Amino acid sequence: MSNAHMIATNGKPRSGGVWTNADKRSGLEDVAGAVKDGHVVAVGGGLSSRVPMAILRSLLRRNVRDLTVVGSAHGIDIDLLCGAGAVSVTSESYVGFEQDFGIAPNYRRACEAGEVRIDDSCCYTVVQQLRAAVAGLPFMPMRSARGTSFPGLHPEYKTMTCPYTGEELLLVPALIPDVAILHAQYGDAQGNLRIEGPPVLDPLFAKASRVVIASVEEIVPTERLVELGGITIPYFYVTAVAEVRMGAHPTACYPFYAYDRPHTAAYYTAARSGAQRFNTDYLEPFVFGCTDHASYLRRIGGDETSRRLATWSAGTEAWMSLYREEAMA
């Protein structure tokens, strides 16, 4: 990741402004249009939960290229972007499908071929870099990466002797993504977001990024967000919001729907079969062959799939039965 993306030329971090529009609602394609070639993008959610997949598919249909992706633990989102040739640099601490399927085939293939440069990092390094940006500081100290090989991979990391304790600390530069891409369960017209469950790095992404775009399952009155438990990300961080039903599919977005394991299994099979098969078996039917999100929903089974994935709430056995489903035909 170039320092130009992390620190302004005057040496001071320059994160996003304050967005006060009374109505930030927009269509999915317009929201996704904020992502341009060469942007540093922070992708919200984590692993197989609450990932902004509809926005990512939209930007792929616009043939966005040369992205630097930053984050912590991710899976199908970064793998999809790599498989479609949209990524040039990855600054992720983990990309994979964990115990369910294992490694991320497209990500690994692109990195091994040199098509994607690996700017290897760890979760807490990213956290401290984002905190520096939020605080308006050019760097943040940390301890946890000392004694590892990470400093050797990052010449921009520095060390200092703490003036109070004499301890040597590692300094990491501020990280200011051009665009944060988020998906939440609920939002209002002004852009307030309510995230159910672990927010992962989304609040930090929102505070540190120059532009924040979000999709939500439902746009509701602000009073409803309060009833649900309060606002996770305030409106003034959010640039634009789109109501996108099943916008995180095939990842989970509780309480609306569970992780779609059959779809993910089919994705993984295509990805493991090589770039050509992945293009034929997945990218063409589910990304480029869908003119918009509505056509994607029809392609994955529409209301029937939505109802099936909503059955998780019937209890543990219902959730486990969804997990045990085989790959879709």
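Start by selecting Pro250, which sits in the loop between β11 and α11; helices here (H or I, at least four residues) and strands (E, at least two) are DSSP runs, numbered from the N terminus. The peptide bond that joins His249 and Pro250 is cis, with omega about 10°. Stay in that loop and pick Pro255, which is placed between β11 and α11 too. Tyr254 and Pro255 are also joined by a cis peptide bond, omega about 10°.

A word on what you have loaded: this is a predicted model, where local features need pLDDT of at least 70, side-chain atom pairs count only at pLDDT 80 or more, and totals for chains, interfaces and linings use all residues. Residues are numbered from 1 along each chain as its sequence is written, and side-chain values use heavy atoms, with hydrogens and water left out.

**Rings**

Now show the aromatic side chains. Rings of Phe, Tyr and Trp (its six-membered ring) pair if their centres lie within 6.5 Å; planes under 30 degrees apart count as stacked, over 60 as edge-to-face and the rest as tilted. The count by this rule is 14 aromatic pairs. Zoom in on Phe97 and Phe101, an edge-to-face pair with 6.4 Å centre to centre and 80° between the planes. Phe97 is buried at a relative accessible area of 9%; buried means under 20% relative accessible area, exposed over 50%, and partly exposed in between (1.4 Å probe, protein chains only).

Next, select Tyr186 and Phe256. This pair is tilted, because the ring centres are 5.5 Å apart and the planes stand at 55°. Tyr186 belongs to strand β8 (residues 179-187) and Phe256 to the loop between β11 (240-243) and α11 (261-272), so the pair ties together parts that are 70 residues apart in sequence. Tyr186 is buried too, with 9% relative accessibility.

For a wider view, highlight Phe97, Phe101, Tyr267, Tyr268, Phe278, Tyr282 and Phe286: ring pairs link them into a cluster.

Two arginines are worth a stop as well. A charge sits over a ring if NZ of Lys or CZ of Arg is within 6 Å of the ring centre and within 35 degrees of the ring normal. Arg57 has its charged end over the ring of Tyr296, 3.6 Å from the centre. Arg261 lies over the face of Tyr323, 5.1 Å from the ring centre.

**Helix α3 and its partners**

Arg57 also leads into the helices. Which residues of α3 are buried? Met53, Ala54, Ile55, Leu56, Arg57, Ser58, Leu59 and Leu60 are, which makes eight of the nine residues in this mostly covered helix.

Add α4 to the selection. The axes of α3 (residues 53-61) and α4 (residues 76-83) come within 11 Å and cross at roughly 5°. That makes the two helices, α3 and α4, roughly parallel. Axes are lines fitted to C-alpha atoms, for helices over the stretch in contact, and angles run from 0 to 180 degrees between N-to-C directions; under 35 degrees counts as roughly parallel, over 145 as roughly antiparallel, 65 to 115 as roughly perpendicular and the rest as oblique. At the contact (heavy atoms within 4.5 Å), Met53, Leu56, Arg57, Leu59 and Leu60 of α3 meet Ile76, Asp77, Leu80 and Leu81 of α4. α4 is largely enclosed by the rest of the structure, because seven of its eight residues are buried.

Swap α4 for α12 (residues 275-288), whose axis comes within 10 Å of that of α3 and crosses it at roughly 100°. These two, α3 and α12, are therefore roughly perpendicular to each other. Arg57, Leu60 and Arg61 of α3 make the contact with Phe286, Val287 and Phe288 of α12.

Just past α3 comes Asn63, with a positive phi near 65°. Asn63 is partly exposed, at 44% relative accessible area.

**Last stops: Val43 and Val200**

Select Val43 in strand β1 (residues 40-43). Is Val43 buried or exposed? Val43 is buried, at 0% relative accessibility. Among the residues it touches are Leu56, Asp77, Ile181 and Phe205. Val43 and Phe205 are 162 residues apart in sequence, yet 8.4 Å apart in space, C-alpha to C-alpha.

Finish at Val200, in the loop between β9 (193-194) and α9 (202-208). Val200 is partly exposed, with 42% relative accessible area, and its contacts include Gly45 and Arg50.

Key: Lists of a residue's contacts leave out its neighbours within four places in sequence.
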